[in-house]
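Colleague: I'm new to this one and would like a close look at a single part. Could you walk me through the salt bridges and what surrounds them?

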Amino acid sequence: MGNCKFSYTKKEVITKREYLYCSKNDKICPYVRFCNDLNKIVNVNNYKICKDFNIMDIPLGKNKVRFIKNEKLIVELYDKTGNVLSCVEVDNPFNKFIKYVELIELNGIYYVKGYEPKVSIKKKRGVIE
């Protein structure tokens with residue numbers, strides 16, 4: 001049996017039974033079953049594949065790398081609530097697979113932070129700012 005850190009028990013008004021709810025979306029957890037030994041509803045180990053369970057493990061300010069394709073990282077982009085908006089293809093500056101990267105957008109193109117192209121500021125002659 002599993003033990004999801006986001007689940008909590010709540011009694012249903014109509015059936016008067018306790019169910020496991022997800023604290024992320026306040027819905028009944030789909031990864032539960034009734035345990036005859038404990039005589040209650042419990043998590044099963046499938047909760048580890050739950051999208052809501054896994055999104056919290058991403059470090060703040062980082063983006064999850066899904067996989068590598070043609071030596072490029074395929075990275076998830078998120079909205080403010082943490083939902084996946086889309087995936088972008090980013091040059092892979094590393095020689096290995098990494099789980100999370102921090103992205104920077106320059107002129108509509110995403111780069112891994114620290115490996116973005118350097119932009120030089122050209123000074124105009126005779127103009128003092």
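Modeller: Here is a tour of the salt bridges, one pair at a time, with a stop at a neighbouring side chain. Keep in mind that this is a predicted model. The count comes to three salt bridges.

Let's start with Arg 66 and Glu 76, whose side chains meet in a salt bridge at 2.7 Å, N to O. Arg 66 sits in strand E5, residues 63-69, and Glu 76 in strand E6, residues 72-78, so this pair ties together parts that are 10 residues apart in sequence. The two partners have their own surroundings: Arg 66 is partly exposed, with a relative accessible area of 43%, while Glu 76 comes out at 7%. Glu 76 counts as buried because the cut-off for that is under 20% relative accessible area.

Stay with Glu 76 for a moment, since its backbone has a partner too. The backbone oxygen of Glu 76 lies 2.8 Å from a polar atom of the side chain of Asn 63. So what is Asn 63 like? Asn 63 lies in strand E5, and at 10% relative accessibility Asn 63 counts as buried. Leaving aside residues up to four places away in sequence, Asn 63 touches Val 75, Glu 76, Leu 77 and Tyr 78, along with Lys 99, Tyr 100, Val 101 and Leu 103. In short, Glu 76 meets Arg 66 through its side chain and has the side chain of Asn 63 by its backbone oxygen.

Next comes the pair Asp 91 and Lys 72, with side chains that meet in a salt bridge at 2.5 Å, N to O. Asp 91 belongs to strand E7, residues 84-91, and Lys 72 to strand E6, so here the parts tied together are 19 residues apart in sequence. Asp 91 is partly exposed at 44% relative accessibility, and Lys 72 is partly exposed at 27%.

That leaves Glu 102 and Lys 113, where the side chains meet in a salt bridge at 3.4 Å, N to O. This pair links distant parts of the chain, 11 residues apart: Glu 102 is in the loop between strand E8 (100-101) and strand E9 (103-106), and Lys 113 is in the segment after strand E10 (109-112). Glu 102 has 29% relative accessibility and counts as partly exposed. Lys 113 is partly exposed as well, with a relative accessible area of 45%.

If you want one spot to begin with on screen, try Glu 76, the buried partner of Arg 66.

Key
Residues numbered from 1 in each chain as written. Predicted model: local features only at pLDDT ≥ 70, side-chain atom pairs only at ≥ 80, totals over all residues. Heavy atoms only, no water. Salt bridge = Lys/Arg side-chain N within 4 Å of Asp/Glu carboxyl O. Helix = DSSP H or I, 4+ residues; strand = E, 2+ residues; numbered from the N terminus. Buried < 20%, exposed > 50% of the residue type's maximum accessible area, 1.4 Å probe, protein only. Polar contact = N/O pair within 3.5 Å; in protein donor to acceptor, adjacent residues only side chain to side chain. Contact = heavy atoms within 4.5 Å.
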